[in-house]
Amino acid sequence: MKNLSTSYLGLNLKSPVIVSSSRLTSTIENLRVAEENGAGAVVLKSLFEEQIMYHISALDTSAGFPEADDYIAWYTKSHSVEEYLNLIVKAKKTLGIPVIPSINCFSSRGWTDFAKNIADSGADALEINVFFMPLDRKKSAADSEKIYFDLIERLKDKISIPIALKIGFRFSNILYMIDQFYMRGVEGVVMFNRFYEPDIDINSMEIVPASVFSNGDEKRYILRWIAMASAQDIKINISASTGVNSGEDVIKYLLAGADTVQVCSVLYQKGLPFLKVMNQQISEWMTKNNFKSISDFRGKLNWLNYQKPGVFERTQFMKYFSSVD
Ligand SMILES: Cc1cc2nc3c(=O)[nH]c(=O)nc-3n(C[C@H](O)[C@H](O)[C@H](O)COP(=O)(O)O)c2cc1C
């Protein structure tokens, strides 16, 4: 097996393949299996902003829990914040690989003080899965963007462990946003989160969830932005996420310039031991192409290094479409 080591958020990883946040990373048993099969790091299942707010309001007897729908109220009560902090402590005791807890949030309000509890539990870094849904047509893109910046500034005030922001790709200018995150001290970006999307069942005429698991085609939206973001002269780490089904897919993201690659759907479908197969596939490809380390080829095909950078700048493919009858 080749040396697959890499660095991410200032941490040393034995492999660039990270198990991304989901229920798969919610038990010590699963985390152990992930490590045994070669995961470079694990991102724990997310703690939700609502859970933190419930915890805070339960400590303060004068405050009521804010309005929440039944599911959120049930979830926050049955999945306690203490349980989450215990998971971090136990994971740190049990594993040798970095443990990265995750918080899902939609505002920069009240909950940010709590991040200190996570840092104090021994977390190696913190991933913030953040999306503010723009629901108000009177608010500009700049208004929405400011919420991200306020959030980062608050978190950076409270904790000193590295922060990775798991973001969506629906910004007017992703490169500007990443630059702004970096200027505020954010160490990494996860590109990109895959959101819940509604679909329509035409038989029942109901709104239903679109597919929970990703497919390989979804990489097409992401490769370009990783290739462009990794070509910037800023030292923010990039972790690719979405659509990785094999070691070959990991290699694509690394060639585009990602430092690490997160996997979720494929592990639900094939089991955590599939991590070993992915590492093997990366290693075999490196042997075939004479690469001794990940840094030998990381970013080789990004916007800066590829000999025809124009391919990343084009969106309208006149030649491509005109040849399809
Ligand atoms: C069942 C399931 C649960 C997930 N739970 C979380 C979560 O709690 N927090 C989070 O940040 N992402 C969560 N995700 C998103 C994944 O971490 C990942 O970003 C997304 O699935 C895209 O990666 P993939 O194409 O490898 O599946 C979840 C995904 C799935 C399929």
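Start by selecting strands S11 and S12, which pair in the parallel sense over three bridges. You are looking at a predicted model, so please treat each stop on this tour as a feature of that prediction.

**Stop 1: around S12**

With S11 and S12 still highlighted, add helix H9 (247–256). Together, S11, H9 and S12 make a right-handed β-α-β unit. Now show the side chains of S12, residues 260–263. Are they buried or exposed? Thr260 and Gln262 on one side are buried, and so are Val261 and Val263 on the other, which leaves both faces of S12 covered.

Gln262 is a good residue to centre on. Its bridge partner in S11 is Ser241. Turn to strand S3 (residues 17–19), which also pairs with S12 in the parallel sense, over three bridges. There, Ile18 has Gln262 as its bridge partner.

Before moving on, select Thr242, in the loop between S11 (237–241) and H9. Thr242 has a positive phi of about 110 degrees, although it is not a glycine. Most residues other than glycine have a negative phi. Thr242 counts as buried because its relative accessibility is 10%, and the cut-off for buried is under 20%.

**Stop 2: the whole barrel**

Zoom out and colour the strands S3-S4-S5-S6-S7-S8-S11-S12: they run as a closed barrel of eight strands with parallel pairing. Neighbouring strands of this sheet are turned by 25 degrees against each other on average, direction ignored. Strands of a sheet pair through backbone hydrogen bonds.

For one pairing in detail, select S4 (residues 41–48) and S5 (residues 99–105), parallel partners over five bridges. Leu47 has Ile103 in S5 as its bridge partner.

**Stop 3: S7 and its neighbours**

Next, select S7, residues 163–167. How many of its residues are buried? Five of its five are, and the strand is mostly covered. Ile163, Leu165 and Ile167 lie on one side, with Ala164 and Lys166 on the other.

Add S6 (residues 126–130), which pairs with S7 in the parallel sense over four bridges. Glu127 stands opposite Ala164. Bring in helix H6 (residues 141–158) and you have a right-handed β-α-β unit made of S6, H6 and S7.

Then add S8 (residues 188–191), again a parallel partner of S7 over four bridges. Here Lys166 stands opposite Val190. Helix H7 (residues 174–183) completes another right-handed β-α-β unit, with S7 and S8.

**Stop 4: past the end of S8**

Select Met191 and Phe192, which are joined by a cis peptide bond with omega of about 5 degrees. Most peptide bonds are trans. Phe192 lies in the loop between S8 and S9.

Carry on to the loop between S9 (198–201) and S10 (206–209), where you will find Ile202. Ile202 counts as exposed because its relative accessibility is 71%. Show it with Tyr196, Ile200 and Ile207: these four form a nonpolar patch on the surface, with about 510 Å² of accessible area together.

Finish at Met205, in the loop between S9 and S10. Met205 has a positive phi of about 50 degrees although it is not a glycine. Is Met205 buried or exposed? At 71% relative accessibility, Met205 counts as exposed.

Definitions and conventions
Residues numbered from 1 in each chain as written. Predicted model: local features only at pLDDT ≥ 70, side-chain atom pairs only at ≥ 80, totals over all residues. Heavy atoms only, no water. Buried < 20%, exposed > 50% of the residue type's maximum accessible area, 1.4 Å probe, protein only. Helix = DSSP H or I, 4+ residues; strand = E, 2+ residues; numbered from the N terminus. Pairing = 2+ DSSP bridges. Right-handed = clockwise from strand over helix to strand, strands pointing away. Patch = residues over 30% accessible without salt bridge, like charges linked within 9 Å, V, L, I, M, F, W, Y side chains within 5 Å. Areas by Shrake-Rupley, 256 points an atom, 1.4 Å probe, with all protein chains shown as cover. Salt bridge = Lys/Arg side-chain N within 4 Å of Asp/Glu carboxyl O. Axes fitted to C-alpha atoms, helices over the stretch in contact; angles between N-to-C directions.
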